[in-house]
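Q: Could you zoom in on one part of this model and go through it closely? Some context on how the rest of the chain is put together would help too.

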Amino acid sequence: MRVKAAVLIETIFLLIAFSIYYFTGNIFYIYNFAFIGTSVAVGVFLTQNGHKFGRNIIMLAVGSYLLIYVGIFGGENLLISGFWYYLFLGVFEAAVVHYLIAKIAGPFIFGRGWCGYACWIAMILDLLPYKTPANDRKNWGYVRYVLFVLILVSVSALFIFKVNRLDMVMFYMFIIGNAVYYVLGILMAYKLKDNRAFCKYVCPITVFLKISSYFSILRVKVNQDKCIECGKCVKRCPMDVEILNDSRKRKNGTECILCLNCVKECPKNAIKI
C-alpha cells in the first residue's frame, strides 16, 4: 500500500504534465509537474516508512521551488489574487493552471495534499513548536470566506478602474501577500499554540480545497477490526480531524492534509491511506 500510494501520485502528476504539454506545447509543464509529483510521491513514501522529517523535506523542496523560482524569479503570482488576475485576462497558464491542478480539480484525487506537502506558508509553520493543537478549535472559519471575497473584489477593482502596469501590481501583491501570511501565521501559531491556526481560520485557498477534497480518492481510513480506540491518532492530528470515523461527513474531514501523523502514531497499524 505504501508503494502503491507513491506510484499512484507519481503517475497522476506525470499524466497531468504530459496532458498540459500536449495542449500548450510548453515543455516547462513537464519539468514542473514531474518535479512536484516526484517530490510528493517520495514524501508520502518516506513518511509512511517512518522517516520523521520526510514530509518537511518535501515541503521545503516543493514550497521553495514554487515561492522562489516560479513566484519571485519567475514573476508569477501564485496567490489567489494571481489566480483571479490571470483568469480575468483569459490566460490559461501560471496561477490558473496551478490552481486548477493543485487546488480545484486535483483535490478530487489527493485531497488537501497541497496543504500537507507543497504549501510554502505551511512549510515554515510546520517547523514551529506547536505541532498538535494545545487548545480547542475556534469558531473562526468564516474569516477565510471574508478574505476570499475581499481578494476577489480587490482584483476586480483593478480591472474596473483600469489600473496601469497590472503585471507589476500583481508581483508586489505576491510579495506583500506572502509577507503578511508569514507574519500572521507565525503570530497565530504562538498565540493559539497551534502551528496550523492560519490554515484553519484564515487561508482563503481552503474555500476551493474544502469543496473538492470532500470527494477525495486518497483518504485516511481506519480498520475497525484492528482499532482499539486508544485515541492517539486523534490527539496527534494537527487539523482536528475525526479520524476514527470513516464517513466523508466526519468532523473536519475536509481539513485532512494527509500528513499521516495518525498512521505513524497508531500502535496497531490500523490506519492506512
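A: First, some vocabulary: helices (H or I, at least four residues) and strands (E, at least two) are DSSP runs, numbered from the N terminus. This is a predicted model, where local features need pLDDT of at least 70, side-chain atom pairs count only at pLDDT 80 or more, and totals for chains, interfaces and linings use all residues. Residues are numbered from 1 along each chain as its sequence is written, and side-chain values use heavy atoms, with hydrogens and water left out.

Let's start with the loop between strand 1 (221-222) and helix 13 (232-236), since that's where Glu229 lies. Glu229 isn't a glycine, yet its phi is positive, at about 55°. Most residues other than glycine have a negative phi. For cover, buried means under 20% relative accessible area, exposed over 50%, and partly exposed in between (1.4 Å probe, protein chains only). Glu229 has 62% relative accessibility, so it counts as exposed.

Strand 1 is also home to Lys221. With 44% relative accessibility, Lys221 counts as partly exposed. Setting aside residues up to four places away in sequence, Lys221 touches Asp246, Ala270, Ile271 and Lys272, where contact means heavy atoms within 4.5 Å. There's also Ser247, 26 residues from Lys221 along the chain, with 9.1 Å separating the two C-alpha atoms.

On the other side of helix 13, the loop running to helix 14 (261-265) holds Asn252. Asn252 is another non-glycine with a positive phi, about 60° here. Its cover is another story: at 19% relative accessibility, Asn252 counts as buried.

Lys193, just after helix 10, takes a positive phi as well, of about 55°. Helix 10 itself (residues 166-192) has 27 residues and spans 37 Å from first C-alpha to last, close to the expected 39 Å; that expectation is 1.5 Å times one less than the number of residues. Its buried residues include Leu166, Met170, Phe174, Tyr181, Tyr182, Met188 and Leu192. The buried set packs against helix 3 (54-73), helix 4 (80-89), helix 8 (122-125), helix 9 (142-160) and helix 11 (197-201).

Helix 5 is worth a glance too: it's mostly covered, with eight of its 11 residues buried. Those are Ala95, Val96, Val97, His98, Tyr99, Ile101, Ala102 and Lys103. His98 sits in this helix, which covers residues 95-105, and counts as buried at 10% relative accessibility. Ignoring neighbours within four places in sequence, His98 is in contact with Leu66, Leu78, Lys103 and Trp114.

Now for the wider setting. The chain has 14 helices and two strands. Its radius of gyration is 19 Å, close to the 19 Å that the globule rule gives for 273 residues, so it's as compact as a globular protein of that length. That radius is taken over C-alpha atoms, and the rule is 2.2 Å times the number of residues to the power 0.38. Along the principal axes, the C-alpha atoms fill a box of roughly 60 × 45 × 30 Å. Of the 273 residues, 50% count as buried. Among contacts between residues at least 6 apart in sequence, 73% join residues at least 24 apart.
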